[in-house]
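Biologist: Got a minute to walk me through this one? I'd like to talk about the fold, the pocket and the packing.

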Amino acid sequence: MNTLNTLLQKINNAKSLDFGDIISNSIDLFKKVWLKGFLVILFVVIVAMILNLIFGLIGLAASPFDINKGFDLESFSDFYSQNIIYSIPQTILVSTLTLAFVAAFYRICKQIVSGEASQDDYFYFLKKEYFTKVFMLGIIYTVIATVAQLLLFIPYIYAFVPLSYFAVVFAFNPELSETEIVKASFALGNKKWLVTFGSMFVMFIIAMLGILGCVIGVLFTMSIIYLPAFLIYKDVIGFKADSEIDRIGLRDDSDY
């Protein structure tokens with residue numbers, strides 16, 4: 001069982017990661033889990049569509065920008081900020097369910113790379129013993145993302161990387177408190193920010209190739225975006241406690 005101090009120690013002592021290895025390993029892993037990833041993306045899309053329909057019916061869905069009123073920076077800025085704030089309740093629910101599905105996907109990936117018997121339980125973290133925690137993480141995720149978006153492009157780009165570790169840290173450390181999961185996610189995201197952002201950007205480009213498959217093909221390729229965070233977590237923290245011998249020689253590099 002990892003404690004927050006254990007996670008932070010491993011993150012601080014993390015060795016440099018090879019960007020090329022993250023890319024190639026993500027592609028190799030995707031070949032094994034693409035169908036499972038497709039189901040996760042399908043669940044997320046279905047949930048998002050249903051929630052958007054429900055919130056639309058009660059008048060709380062985000063409204064489209066009215067181009068007929070003319071376009072200027074001030075009007076677009078007002079529309080942008082109002083829609084972000086207006087859609088917070090919907091975003092909390094979507095974020096909560098997405099974190100739960102992606103965490104379950106990471107659990108399945110771990111079983112595959114570790115050679116364990118795969119149990120494709122996509123609703124594992126929606127069980128009552130985890131739901132309260134994942135719901136609180138959804139709220140925290142939404143608050144951080146909303147503030148970052150209101151501060152516009154650069155802060156959101158920065159925050160996106162630590163936020164992307166919420167699901168993987170939660171998946172393998174569900175015993176930690178919500179605050180501890182957030183601290184560990186930001187510690188790992190800050191330590192490995194550039195290699196994470198770069199590898200996820202490359203995976204995003206690869207995922208977009210699914211558009212060639214009559215657009216719907218994106219559903220089959222989009223899950224590859226989640227794999228760099230999983231592999232970086234695996235290399236930095238691992239799934240089992242490292243022995244003292246394993247820790248010898250690790251140096252505190254300022255990564256990339």
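**Helix packing and the pocket**

Modeller: Sure, let me start with α6: its buried residues are Ala159, Val161, Pro162 and Leu163. Keep in mind that this is a predicted model.

Biologist: Which elements do those buried residues of α6 pack against?

Modeller: They pack against α5, α7, α8 and α9, where α8 covers 178-191.

Biologist: OK, zooming out: how many helices and strands are there in the protein?

Modeller: Twelve helices and zero strands. Read from the N terminus, the order is just α-α-α-α-α-α-α-α-α-α-α-α.

Biologist: And what percentage of the residues is buried?

Modeller: 42% of the 256 residues. As for contacts with a separation of 6 or more, 78% of them are between residues 24 or more positions apart.

Biologist: Now the pocket. How much space lies in the largest one?

Modeller: About 1,000 Å³. The lining has 34 residues, and those nearest the centre are Thr98, Tyr141, Tyr156, Phe160 and Tyr226.

Biologist: Which elements give two or more residues to that lining?

Modeller: That would be α2 (19-57), α3 (73-86), α4 (88-113), α5 (128-150), α6 (153-163), α9 (193-208) and α10 (218-221). The most comes from α4, with seven residues.

Biologist: What's the lining like by class, thinking of ligands?

Modeller: I can only speak for the lining itself: 26 nonpolar residues, eight polar and no charged ones.

Biologist: Switching to the core. How many residues does the largest nonpolar one have?

Modeller: It has 69, and Tyr106 and Phe125 have the most contacts inside it. Helix α2 supplies the largest share of this core, twelve residues.

Biologist: What does Phe125 touch, then?

Modeller: Leaving out residues up to four places away in sequence, Phe125 touches Ala100, Ala103, Ala104, Arg107, Tyr130, Phe131, Val134, Phe170, Ala171 and Pro174.

Biologist: How many aromatic pairs turn up in the whole structure?

Modeller: A search finds 23. Take Tyr130 and Phe170: their ring centres are 6.5 Å apart and the planes sit at 85°, so the pair is edge-to-face.

Biologist: Which parts does that pair tie together?

Modeller: Tyr130 lies in α5 and Phe170 in α7 (residues 166-172), so the pair links parts 40 residues apart in sequence.

Biologist: Are those two buried or exposed?

Modeller: Both Tyr130 and Phe170 are buried. There's also an aromatic cluster, formed by Phe105, Tyr106, Phe172, Phe230, Tyr233 and Phe239. You'll recognise Tyr106 from the core.

Biologist: Let's try a couple of single residues. Where is Ile206?

Modeller: In helix α9. Leaving out residues up to four places away in sequence, Ile206 touches Ile27 and Ile224. Its C-alpha atom is 8.5 Å from that of Met222, which is 16 residues away along the chain.

Biologist: Why is Ile206 called partly exposed?

Modeller: Because its relative accessible area is 28%, and partly exposed covers what falls between under 20% for buried and over 50% for exposed.

Biologist: And Ser24, where is that found?

Modeller: In helix α2. Ser24 is partly exposed as well, with a relative accessible area of 31%.

Biologist: How far apart are the C-alpha atoms of Ser24 and Ser199?

Modeller: They are separated by 9.9 Å, with the two positions 175 residues apart along the chain.

Methods. Residues numbered from 1 in each chain as written. Predicted model: local features only at pLDDT ≥ 70, side-chain atom pairs only at ≥ 80, totals over all residues. Heavy atoms only, no water. 1 Å grid on protein atoms, 1.4 Å probe; cavity = no way out; pocket = protein on both sides within 12 Å on 5 of 7 lines; lining within 4 Å. Points joined across faces, edges and corners; volume = space filled by probe spheres on them. Helix = DSSP H or I, 4+ residues; strand = E, 2+ residues; numbered from the N terminus. Nonpolar A, V, L, I, M, F, W, Y, C, P; charged D, E, K, R; others polar. Core = buried A, V, L, I, M, F, W, Y, C linked by side-chain atoms within 4.5 Å. Buried < 20%, exposed > 50% of the residue type's maximum accessible area, 1.4 Å probe, protein only. Contact = heavy atoms within 4.5 Å. Phe/Tyr/Trp six-rings, centres within 6.5 Å; stacked < 30°, edge-to-face > 60°.
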